Amino acid sequence: MTRLIIIIISCLCYIQAFSEEHLKFLGLPIDGTVNEYASKLISKGFYVSPDNKYAGKGLRVMEGPFLGNTEQFGLHYDVDTKRMWSVTFIRSFVKETDAKDLYNKLESLLHEKHNEAKYESPLEGSFVSSCSFQNNKGIITLIIIERDYDYQVKMSYTDRINYRPVYKKKRQKELDDVENGLL
């Protein structure tokens, strides 16, 4: 009887481990390599941005249709594995009111789309406005940043499954630096 219970629990754990879903952006799960994800975006009318040449390691900049405009998106990926973990949208404004209009529109759309998610506002930090939507798939953050009279609306989709290894690797490097006296 004990064996049967252990087998059932093991099967349930196995099913749970492989049933986790990735956070989606534009209907695409944030998973796979950056090249695979970029190919899926290209099939939706996106292209590699000319600004991509200025992007650092772990970031690919693409442009494509979003909310009726052509917008820039950053695809964040692990440099070693090339696995995607986040997609970020940023638009800059001169007027704070224009930034707040877009922020309010995006926040309303996110409330409608992710009504089951845990909502938090404001977030810690020196933001003009901020909120997040968190569920078991990941977290979506929406913020307005003010820098030198320029306002940026930034929306990031971070996949929980693929971000965990990135976080663990970064954390281990920090621990190694402390051990080696590099801080």
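## The hairpin between β9 and β10

Let's start where strand β9 turns into strand β10: the two strands form a hairpin, with two residues between them. One residue in that turn, D148, has a positive phi of about 45°. Please keep in mind that this is a predicted model.

The strands on either side of the turn cover residues 138-147 for β9 and residues 150-159 for β10. They run antiparallel and are joined by 10 bridges. If you would like a pair to look for in the structure, find R147, which stands opposite D150 in β10.

## One strand back: β8 and β9

Strand β9 has another partner to visit. Strand β8 (residues 129-135) runs antiparallel to β9, and seven bridges join the two. Here, too, a hairpin makes the connection, leading from β8 to β9 through two residues. A handy pair to locate is C131 and L142, since C131 stands opposite L142 in β9.

## Helix α3 and its two sides

Now on to helix α3, which spans residues 96-113. How far apart should the ends of its 18 residues be? At 1.5 Å a residue, the expected span is 26 Å, and the end C-alpha atoms lie 25 Å apart, so the two values agree.

The buried residues of α3 are A99, L102, Y103, L106, E107 and L110. They cover an arc of only 135° around the axis, and therefore sit on the same side of α3. On the other side of the helix you will find T97, D101 and E112, which are exposed.

What covers those buried residues? The cover includes the strands we have just met, β8, β9 and β10. Also among the covering elements are β4 (59-66), β6 and β7 (118-120).

## A look at R91

Our last stop is R91, a residue of strand β6 (residues 84-93). Which residues does R91 touch, leaving aside those up to four places away in sequence? They are N69, E71, L102, Y151, Q152 and V153. Some of these names link back to earlier parts of the tour: L102 is one of the buried residues of α3, and strand β10 covers residues 150-159, the stretch to check for Y151, Q152 and V153.

With E71, the contact can be described in more detail: a polar contact of 2.2 Å joins the side chains of R91 and E71. Another residue to look at here is Q72, which is 19 residues from R91 along the chain. The C-alpha atoms of R91 and Q72 are separated by 7.7 Å.

Note on methods:
Residues numbered from 1 in each chain as written. Predicted model: local features only at pLDDT ≥ 70, side-chain atom pairs only at ≥ 80, totals over all residues. Heavy atoms only, no water. Pairing = 2+ DSSP bridges. Helix = DSSP H or I, 4+ residues; strand = E, 2+ residues; numbered from the N terminus. Contact = heavy atoms within 4.5 Å. Polar contact = N/O pair within 3.5 Å; in protein donor to acceptor, adjacent residues only side chain to side chain. Expected span 1.5 Å × (residues − 1). Buried < 20%, exposed > 50% of the residue type's maximum accessible area, 1.4 Å probe, protein only. Arc of directions from axis to C-beta.
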